[in-house]
Amino acid sequence: SFSNPIISANISVPEPGSYPWLIVYYDSLEEKNQSGVITVETPAILSSSISLPKVVVDGSLLTVSFTLKNDGTAIAKNVSVEMKSKAFSTVFTSFSNLSGVLQGNLTVNVLDVGEGIYRLDFQAVGFDENSGSLIQSFSTDTFELKKKANLVSSLSSSLNKAVKGSVFQLP
């Protein structure tokens, strides 16, 4: 038996992946060994993209499609998404962990804030599983907000008399 031998080693690996290891040592002239696998991951890296209509009518629903991707091999933990614009109330949603790609839609009710070009900001925030470091991604796009059309019509005639059931033409 042995009492906690201290063994340290610096290992260089060419790229992320899983690498088996074996340490052979002697304790009182008896050969001992320990082995295992070390996994090297790249840090979690968030990237995002958004897609939305270029023209929106006030008071209508706006659906924003998004793609959120973790480009690293480590898991992105406690990921949350915030979508902001002056044309609607802030939208916030969260996901526990992200590895790979997440696609979804966020739908908001557009407020009657006046016609114009409005900016939409999309931000994703999370933490790298291994280091605990804050990771973020930002995407921005614009849309044009237009007023609802109000159709008004009127009809006038200079006829003095009309017989019920008769057909007449307007000039």
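How many aromatic pairs does a search of the whole structure find? The search finds two. The structure is a predicted model, in which local features need pLDDT of at least 70, side-chain atom pairs count only at pLDDT 80 or more, and totals for chains, interfaces and linings use all residues. Residues are numbered from 1 along each chain as its sequence is written, and side-chain values use heavy atoms, with hydrogens and water left out.

Aromatic pairs are defined on the rings of Phe, Tyr and Trp (its six-membered ring), whose centres must lie within 6.5 Å; planes under 30 degrees apart count as stacked, over 60 as edge-to-face and the rest as tilted. Of the two pairs found in the whole structure, one is formed by F66 and F122, a tilted arrangement with 5.4 Å from centre to centre and 35° between the planes. This pair links distant parts of the chain, F66 lying in strand 5 (residues 61-70) and F122 in strand 9 (residues 116-128), 56 residues apart. Strands here are DSSP runs (E, at least two residues), numbered from the N terminus. Accessibility is described in three classes: buried means under 20% relative accessible area, exposed over 50%, and partly exposed in between (1.4 Å probe, protein chains only). F66 is buried, with a relative accessible area of 5%, and F122 is also counted as buried, at 1% relative accessibility.

The pair of Y118 and F143 is stacked, with 6.1 Å between the centres and 25° between the planes. Y118 belongs to strand 9 and F143 to strand 10 (residues 134-146), so this pair ties together parts that are 25 residues apart in sequence. Y118 is buried at a relative accessible area of 13%, and F143 counts as buried at 1% relative accessibility.

Strand 5, which holds F66, also takes part in an open sheet of three strands with the order 3-5-8 and antiparallel pairing. Two strands are taken to pair if DSSP finds at least two bridges between them. Strand 3 (46-51) and strand 8 (100-109) stand at the edges with a single partner strand each, so one side of each is left without a neighbour in the sheet. From one strand to the next, the twist averages 20°; axes are lines fitted to C-alpha atoms, and angles run from 0 to 180 degrees between N-to-C directions. Strands 3 and 5 run antiparallel and are joined by six bridges. Within this part of the sheet, I50 stands opposite F66 in strand 5.

Salt bridges were also examined. A salt bridge is a side-chain nitrogen of Lys or Arg within 4 Å of a carboxyl oxygen of Asp or Glu. Side chains of opposite charge can pair when their charged atoms come close. A search of the whole structure finds six salt bridges. One of them joins D58 to K147, with 3.8 Å between the closest N and O atoms. D58 is placed in the loop between strand 4 (55-57) and strand 5, and K147 in the segment after strand 10, so the pair ties together parts that are 89 residues apart in sequence. D58 counts as buried at 6% relative accessibility, whereas K147 is partly exposed, with a relative accessible area of 41%.

K147 also forms a salt bridge with D112, the closest N and O atoms being 2.8 Å apart. This contact links K147 in the segment after strand 10 with D112 in the loop between strand 8 and strand 9, 35 residues apart. D112 counts as exposed at 54% relative accessibility. D58, D112 and K147 are thus linked in a network of salt bridges. In a further salt bridge, the side chains of R119 and D121 meet at 2.7 Å, N to O. R119 counts as exposed at 52% relative accessibility, and D121 as partly exposed at 24%.

One backbone feature concerns N78, in strand 6 (residues 76-85). Most residues other than glycine have a negative phi. Phi of N78, however, is near 50°, a positive value in a residue other than glycine. At 52% relative accessibility, N78 is counted as exposed.

Note on methods
Helices (H or I, at least four residues) and strands (E, at least two) are DSSP runs, numbered from the N terminus.
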